[in-house]
Amino acid sequence: MSKLLEVKDLRVSFKTYSGEVQAVRGIDFDLKKGETLAIVGESGSGKSVTTKAITKLLPEPQGYIKTGEILFEGQDITKYSNKQMQKLRGRDISTVFQDPMTSLNPTMKVGKQIAEGLIKHRKMSKAQAREKTIELLELVGIPQAEKRLNQFPHQFSGGMRQRAVVAIALACNPKILIADEPTTALDVTIQAQILELMKDIQREMDSAIIFITHDLGVVANVADRVAVMYAGKIVEVGTADDIFYNPKHPYTWGLLGSMPTLDSDEEELFAIPGSPPDMLNPPEGDAFAPRNRFALEIDTQMEPPMFQVSDTHYAATWLLHEYAPKIEPPESVQRRMQGFASMDDGKDGEA
Amino acid sequence: MAFLEVEDLKVHFPVKGGIFGRTVDHIRAVDGVSFSLEKGKTYGLVGESGSGKTTTGRAIIGLNRATAGKITYNGHDITNLKKADLDVRKEIQMIFQDPYSSLNPKKRVLDIIAEPLRNYEKLSKQEEKKRVLELLELVGLSSESITKYPHQFSGGQRQRIGVARAIALKPKLIIADEPVSALDVSVQAQVLNFMEDIQEALGLTYIFIGHDLGVIRHMCDDIGIMYKGRYVEEGTVDDIFDNPQHIYTKRLVAAIPDINPENRREQIYYRQEVQKEYEQSYDDYFGDDGLAYGLKPISETHLVALPEKG
Ligand SMILES: Nc1ncnc2c1ncn2[C@@H]1O[C@H](COP(=O)(O)OP(=O)(O)O)[C@@H](O)[C@H]1O
Ligand SMILES: Nc1ncnc2c1ncn2[C@@H]1O[C@H](COP(=O)(O)OP(=O)(O)O)[C@@H](O)[C@H]1O
Ligand SMILES: [Mg+2]
Ligand SMILES: [Mg+2]
């Protein structure tokens, strides 16, 4: 598969009165056509800043790209002018942000905001666009679409606004859809519907999705690959199966273990103690060490490199070094790994 | 007699309209809800936003007026409780969803936690400080916290401050309204573990309001599923998760992301089946007004809102 997007050694900082906030500290990833990449991590880990760097929506001049390249179809878009970028955003890359109001024009009727993209980028007639707009609104679960069409964003509830934004983002048939916690504010049934809707559209149009969330559970059914971010870095990346069923980084263990799952109702959850570091003064060594019950001496001194686990799977933890002691992941994670392994056996048996 | 008994609770809000600002309609936020709950247990209230969960909780602690119905707490009728019954009042406390806005940003932690003490108990400054320090220790915050302001804490820590305030008066019943919905998963786990710990230590009874069914299943013994102000189903955790009957419940259960590999394919299939059933049989489960029918028992613990004929 060809690479649609390549991010290389991206570093993003903010100038503030207290000093330089190092929000993103050297990340690399790529995105292939038709693929869904999930970026997962706690609030403050740099997920949104990453998406804003890609779409050139960082608040200038405080926010700036310190180093790195962002290649879209081979072109470095960090060098694009605002005008070029605007075109790219309208046609090739669209975004759904956490806060729907960042994407909505408060003075324009919702229907018109959706139809605009259809007319401009999909060359529809006004009548066709109207029909498609109604269809899109219904798809994203907005009842009485014909009436809603003529309303302004402030007449929509929060959840309804976010659905409208998803409709706008999908309308222009983007090559890349960046969804930054698009369903965090929505009810579970609607969450599931919107995720499925995004998958359907993806299948139909072969677009790629970058899905950002703090909730690993949400990505289980939608992501092909998962990148786990902590304190401005990607600490583990792999296929969804690698991350869910063979996780190597203790932070990933923590995220998986702290999710109440359907079989965990009897036991204590595996909580990650403490809170993430202050990005004004990121700690030396492994930034996760202070919260890591498996931390090694070396974690406080030297940053771990990315160790390769397999062709698809990488993790930045000293635990993968050949001299490191062998450590077992928490029980709930182990159980899942075993479940997966035995399922593989089953599959082989059938074949 | 159950510890808490809610009988046919209705909370209707007037909708004003016209040039005279008269009441033209009512929002039936809670429209005939009944449940009872035993001491030391956790009762879950689940439903999409706007289904009336918060209003139910607020009616129980007296922040919303009950339009009709009866709430009995430990043998006392506490429906629309008067100030005279303060002793009962302080035994029921509420924890709110948003740890960012539910704490007064201009007050120090000491004053935030001491506020309920000042309202109900006459303590000397020393006694008060001692109590606050005890509470901080109980919720796992350092004693230096006492002079800090809410913005100096993380979301999880703020939620602990909210809990410390809620348990200051040694309540017996805590209504936790989406206490972890605004928190990161890792912090969520800290707060959930901690809520279970203090439940055991202090013998608390919880009403746990939420929409994350993974969390609900983890925390609760019994569950009521609300839709547009009414119950569609009630049962034990096993009834609801292993044997959901109402199409609305089935849909909620099907929407839970399940990361266990054994169930992955099955779950996608189940979700599609449920969606199909939902589209085909929605009308069978709701009356002409789009509201749920009355509950009917299908076992000793399990009630479902099914139409008369069945
Ligand atoms: N405009 C800004 N000024 C200063 N710091 C910022 C700004 N925006 C984000 N940051 C910081 O960058 C880091 C990453 O933030 P963000 O990418 O929004 O996290 P998340 O992973 O929750 O999306 C955080 O430490 C945040 O405080
Ligand atoms: N004070 C109020 N005045 C008018 N309507 C209200 C008031 N409080 C809640 N409502 C309405 O009652 C319904 C139920 O709300 P709520 O109990 O907050 O739901 P939930 O907690 O399940 O999201 C909603 O339609 C809401 O808009
Ligand atoms: Mg973000
Ligand atoms: Mg509520």
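Rings of Phe, Tyr and Trp (its six-membered ring) pair if their centres lie within 6.5 Å; planes under 30 degrees apart count as stacked, over 60 as edge-to-face and the rest as tilted. Keep that rule at hand, since rings are one theme of this tour.

You are looking at a predicted model: local features need pLDDT of at least 70, side-chain atom pairs count only at pLDDT 80 or more, and totals for chains, interfaces and linings use all residues. Residues are numbered from 1 along each chain as its sequence is written, chains are lettered from A and ligands numbered from 1 in the order in which they are written, and side-chain values use heavy atoms, with hydrogens and water left out.

**Stop 1: chain A as a whole**

Select chain A and colour by secondary structure. You have eleven helices and twelve strands to look through; these are DSSP runs, with helices being H or I of at least four residues and strands E of at least two, numbered from the N terminus. Along the principal axes, the C-alpha atoms of chain A fill a box of roughly 65 × 55 × 35 Å. The radius of gyration of chain A is 21 Å, which agrees with the value near 20 Å for a compact globule of 351 residues. That radius is taken over C-alpha atoms, and the globule rule is 2.2 Å times the number of residues to the power 0.38.

Of the 351 residues in chain A, 54% are buried (buried means under 20% relative accessible area, exposed over 50%, partly exposed in between, with a 1.4 Å probe and protein chains only). Among contacts in chain A with a separation of 6 or more, 63% join residues 24 or more positions apart; contact means heavy atoms within 4.5 Å.

**Stop 2: the rings**

Over all chains, the structure holds 13 aromatic pairs. Show Phe307(A) and Trp318(A): their ring centres are 6.0 Å apart and their planes at 70 degrees, so the pair is edge-to-face. Phe307(A) sits in strand β11 and Trp318(A) in the loop between β12 (314–315) and α11 (331–350), so the pair ties together parts of chain A that are eleven residues apart in sequence. Phe307(A) is buried at a relative accessible area of 16%, and Trp318(A) is buried at 8%.

Now move to chain B and pick Tyr278(B) and Tyr282(B), an edge-to-face pair with 5.4 Å centre to centre and 80 degrees between the planes. Both belong to helix α10 (residues 264–285) of chain B, where being four residues apart separates them by about one helical turn. Tyr278(B) counts as buried at 17% relative accessibility, while Tyr282(B) counts as partly exposed at 23%. Add Tyr227(B), Tyr248(B) and Phe286(B) to your selection, and you have the cluster that ring pairs link together with these two tyrosines.

**Stop 3: Val237(A)**

Back in chain A, centre on Val237(A) in strand β10 (residues 233–239). Val237(A) counts as buried, with 14% relative accessibility. Leaving out residues up to four places away in sequence, its contacts include Arg225(A), Ile243(A), Thr312(A) and Tyr314(A). Draw a distance to Thr312(A): 75 residues away in sequence, yet 7.9 Å C-alpha to C-alpha.

**Stop 4: Glu267(A)**

Finish at Glu267(A), in the loop between α10 (250–257) and β11 (307–308) of chain A. Glu267(A) is partly exposed, with a relative accessible area of 29%. Which residues does Glu267(A) touch, not counting those up to four places away in sequence? They are Ser332(A), Arg335(A) and, from chain B, His218(B). For one last distance, go from Glu267(A) to Lys8(A): their C-alpha atoms are separated by 42 Å, with these positions 259 residues apart along the chain.
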